[in-house]
Amino acid sequence: MASYTKLITFLERDDNQRFLLVAHERPDGDTVSATLAMARSLKLLGKKITVASSQGVPEVFKYLPDWRDAKDDFLIGDFDAIILIDNGDLKRTGYSDRIIKARDRGIPIINIDHHPKNDIWKYANINVVDETASSTCEIIFGLFRKMNIDLETDIATMLLTGIYTDTGGFQHANVSAKTFSAAAELMSHGAKLKNISTNISNHKSLSMLKLWGIALDRIVKLDDIKLVYSIITCADIESVGASDQDLAGVVNLISTIPDDVATLLLYETPDGKIKGSLRTESAKVDVARIASLFGGGGHKRAAGFVIEGKLEKTNGGWKIV
Ligand SMILES: [Mn+2]
């Protein structure tokens, strides 16, 4: 149960002034936008805000107002609370140790999220979690309505960005009537949908498209286990002058193959790991369960994991070494 009242009382208390807001690793549009929107609105209430994103802000989101406020480091100082936004699990904050330390020192932890119940619940004093929400931005929209926060144009654009990205432009099964009424209200407050869709959906660099070309060319369909997969190595990314951030979206494109299947994109990261990104369009498949077999997690239709290793080409396919 989401404890909105508890959160609102906590945020509005005069003796709670300094907040650290934390976005998750491999930041997506939802975590970045929700965090920046929360920062902007808490500042309107006169609070002192620090925004942390362990891996910065991806290029594609640099049209968002205030993105420069997100820093990739912070001093664990005198915060009155730490707010984890859209994090999914503690490891994904990128700052697990520091957050546990802060918790041990008695700094309250607040969890605002739409991911299924996870280890953050153990540490958090207040959980505002709604798994039925399309995005954390949709939850924060509801929170701002309850707090009567002025939805200025920038805040509206931020929140609509998170809704847009987490729903794949209003296409995924997580879109509800509530999602559309939130979006409609955000539009009426001046949210710049055209700007969002241009930046998110229609800005693909040459190197990005070449990288997608490699991934598409390598698609393999395993009929017996109903899995479609593809592979990208660090060498591939280098060969076209791209970065692993350019892979965002390719797994969604691959999962447009119509069938009751799961889609997996395996790709190497520069720090010697392999990331797996899973999608399905099928209601019968739960990719979060597949991801959990490899120590990962996520949602029923979109999930991921990280394992140690490298990808090596063999005669007939690929192996993990
Ligand atoms: Mn999200």
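What follows is a walk through this structure, from its domains to its metal site and one buried loop residue.

The model is predicted. Start with the overall layout. The domain assignment splits the protein into domain 1, residues 4–200, and domain 2, residues 206–320. Their C-alpha centres lie 27 Å apart. The contact between them draws nine residues from domain 1 and nine residues from domain 2.

Now look at the interface itself. About 730 Å² is buried between domain 1 and domain 2. Carbon and sulfur atoms give 43% of that area. On the domain 1 side, three residues stand out: Arg-26, His-172 and Ala-173. Together they supply 53% of the area that domain 1 buries against domain 2, more than any other three residues.

Polar links across this interface can be counted. Two residue pairs are in polar contact, both at pLDDT 80 or more. The salt bridge count between the two domains is one. Arg-26 also deserves a look for its side chain, which meets that of Asp-244 in a salt bridge, at 3.6 Å from N to O.

Turn next to the manganese ion. Its protein donors are Asp-30 (OD), Asp-86 (OD), His-114 (NE2) and Asp-166 (OD). These donors lie 2.2 to 2.4 Å from the ion. Along the sequence, the donor residues follow the spacing D-x55-D-x27-H-x51-D. Asp-30 and Asp-166 link distant parts of the chain, 136 residues apart. Asp-30 sits in helix α2, residues 29–44. Asp-166 belongs to helix α6, residues 153–166.

Are these two aspartates, Asp-30 and Asp-166, buried or exposed? Asp-30 has a relative accessible area of 0%, so it is buried. Asp-166 has 17% relative accessibility. The limit for buried is under 20%, so Asp-166 counts as buried too.

Finally, go to Asn-118. Where is Asn-118 found? It lies in the loop between β5 (109–113) and α4 (120–123). Its relative accessible area is 16%, so this loop residue is buried. Which residues does Asn-118 contact, leaving aside its neighbours within four places in sequence? They are Gly-88, Asp-89 and Asp-113. With Gly-88 there is a specific atomic approach: a polar atom of the Asn-118 side chain lies 2.5 Å from the backbone oxygen of Gly-88.

Key: Residues are numbered from 1 along each chain as its sequence is written. This is a predicted model: local features need pLDDT of at least 70, side-chain atom pairs count only at pLDDT 80 or more; totals for chains, interfaces and linings use all residues. Side-chain values use heavy atoms; hydrogens and water are left out. Donors are N, O and S atoms within 2.8 Å of the metal (3.2 Å for Na, K and Ca); water is not among the atoms, so sites may look incomplete. Helices (H or I, at least four residues) and strands (E, at least two) are DSSP runs, numbered from the N terminus. Buried means under 20% relative accessible area, exposed over 50%, partly exposed in between (1.4 Å probe, protein chains only). Domain bounds come from an automatic or database domain assignment. Contact means heavy atoms within 4.5 Å. Buried area is the accessible area (1.4 Å probe) that two parts lose on being put together, summed over both. A salt bridge is a side-chain nitrogen of Lys or Arg within 4 Å of a carboxyl oxygen of Asp or Glu. A polar contact is a pair of N or O atoms within 3.5 Å; within protein, one must be able to donate a hydrogen and the other to accept it, and residues adjacent in sequence count only if both atoms are side-chain atoms.
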